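Trainee: Could you take me through a close look at one part of this model, and then through what surrounds that part?

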Amino acid sequence: MGSVSIREARKSYGALEVLHGVSVEIADGEFVVLVGPSGCGKSTLLRMLAGLESISGGEIAIDGRVVNALAPKERDIAMVFQSYALYPHMTVAENMGFSLKLGRRPREEIQDRVGTAARTLSLDALLDRQPRQLSGGQRQRVAMGRAMVRAPAVFLFDEPLSNLDAKLRVQMRAEIKQNHQRLRTTTVYVTHDQIEAMTMADRIVVMNGGRVEQIGTPLELYERPANLFVAGFIGSPAMNLLPGRIAEGALTAEDGTRIPLGGAASARGSAAILGARPEHIVIDPAGVPAEVLVVEPTGADTHVTLRLAGQPVVGTFRERITVRPGERLPVRLDPERLHLFDAETGQRLEQGGRA
């Protein structure tokens with residue numbers, strides 16, 4: 001069992017508080033990703049969970065046991081770092097089995113565990129090689145194997161794919177997820193890459209400024225962001241945000257453009273910010289003419305930056321379109337897929353009966 005409970009965790013360096021009472025409950029076998037911009041506190045929280053940073057306040061428990069005062073080796077966790085941290089003079093097999101050797105496990109047990117992990121990670125043909133003879137992806141798999149042989153209650157990953165190229169990152173994302181599905185070991189994974197978070201997580205914890213902004217499944221965060229920060233952080237391209245005022249079932253933008261909201265909004269007459277995902281901008285001959293600024297074909301679809309309601313917005317279109325900068329493209333925003341946020345607090349507003 002490997003449930004994790006983080007209750008009102010705080011971290012201070014002298015007078016500077018960097019974590020402000022973070023609470024997260026992680027079920028046994030769950031894959032949870034901590035995501036946020038640089039400096040948001042996600043790596044600090046992971047290191048506190050690992051025992052590499054002391055906790056200034058609150059409580060951290062693993063499988064019901066409070067671990068605040070326990071050393072890392074007593075917490076039944078295994079950590080995979082961004083830098084791999086392999087011993088250059090050891091073979092793959094020696095690197096993977098080193099922690100078991102330190103624990104004075106029998107040689108037969110070490111060989112059996114290393115062999116099992118190596119087969120799982122497709123490393124069995126590389127066991128006699130040294131790290132310098134491996135590719136970046138192979139080194140990362142060795143680091144994962146070293147953690148796997150310990151059979152911990154919780155795996156901790158600290159931005160493990162940051163040093164890999166784009167193609168290898170995609171491959172390793174799939175491999176880490178597949179291994180989790182086989183092992184079902186509780187996993188806490190830190191990244192600043194929201195694509196990694198969306199594709200790998202059972203649940204995502206979005207952090208900003210040492211606080212939790214929202215916790216939920218990838219689709220919950222994408223379809224119902226709790227505030228402007230989550231709306232702008234989750235999704236690529238990012239959600240388009242247009243300021244204006246709500247009146248008569250529509251948002252009137254700052255330049256006077258009227259955008260129907262698909263239902264009565266709860267905060268009539270108030271200042272608000274409308275959010276629209278790029279894929280919910282639709283080409284419509286009866287729509288509002290928008291000036292084309294940039295066209296970016298990606299193959300599967302085309303990203304077009306437009307000037308709409310006096311603001312630059314990005315539309316993602318699956319159909320093949322041929323437009324050039326300076327031309328006009330008539331578009332509308334799908335009124336049933338829009339989001340509203342309070343202009344002052346940034347919190348989500350109800351719209352058409354949805355919260």
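Mentor: The account below starts with helix α2, moves to its aromatic contacts, and ends with a second helix pair. The model is predicted, so local features are given only at pLDDT of at least 70 and side-chain atom pairs only at pLDDT 80 or more, whereas totals for chains, interfaces and linings use all residues. Residues are numbered from 1 along each chain as its sequence is written, and side-chain values rest on heavy atoms, with hydrogens and water left out.

Helix α2 covers residues 92-102 and packs against helix α3, residues 107-120; helices are DSSP runs of H or I of at least four residues, strands are runs of E of at least two, and both are numbered from the N terminus. The two axes lie 10 Å apart at an angle of about 135°, where axes are lines fitted to C-alpha atoms, for helices over the stretch in contact, and angles run from 0 to 180 degrees between N-to-C directions. The pair α2 and α3 is therefore oblique, the class left over when angles under 35 degrees count as roughly parallel, over 145 as roughly antiparallel and 65 to 115 as roughly perpendicular. The crossing of α2 past α3 is right-handed, that is, the near helix is turned clockwise from the far one by less than a right angle.

On the α2 side, A93, M96, G97, L100 and K101 meet I110, R113, V114, A117 and A118 of α3, contact meaning heavy atoms within 4.5 Å. These residues comprise seven nonpolar, one polar and two charged; Ala, Val, Leu, Ile, Met, Phe, Trp, Tyr, Cys and Pro count as nonpolar, Asp, Glu, Lys and Arg as charged, and the others, Gly among them, as polar.

Within α2, V92, N95, M96, G97 and L100 are buried (under 20% relative accessible area; exposed is over 50% and partly exposed in between, with a 1.4 Å probe and protein chains only). Their cover includes α3 and α4. Just after α2, R104 adopts a positive phi of about 60°.

The structure contains five aromatic pairs (ring centres of Phe, Tyr or the six-membered ring of Trp within 6.5 Å; planes under 30 degrees apart are stacked, over 60 edge-to-face, the rest tilted). F31 and Y189 form a tilted pair, because their ring centres are 5.9 Å apart and their planes stand at 35°. F31 belongs to strand β3 (residues 31-35) and Y189 to strand β8 (residues 186-191), so this pair joins parts 158 residues apart in sequence. F31 is buried at 0% relative accessibility, and Y189 is buried at 0% as well. A pair involving α2 is that of Y87 and F98, which is edge-to-face because the centres lie 5.0 Å apart and the planes at 65°. Y87 sits in the loop between β6 (77-80) and α2, while F98 is in α2, 11 residues away. Y87 is partly exposed at 34%, and F98 is partly exposed at 23%. Elsewhere, ring pairs connect F31, F155, F157 and Y189 into a cluster.

The loop between α3 and α4 holds Q130. Apart from neighbours within four places in sequence, Q130 contacts P88, H89, M90 and T91.

Finally, α4 (residues 136-148) and α5 (residues 166-183) have axes that come within 11 Å and cross at roughly 20°. These helices are therefore roughly parallel, and their crossing is right-handed. Among the contact residues are Q140, R141 and M144 of α4 and Q171, M172 and E175 of α5. By class, the contact of α4 with α5 has six nonpolar, five polar and two charged residues.
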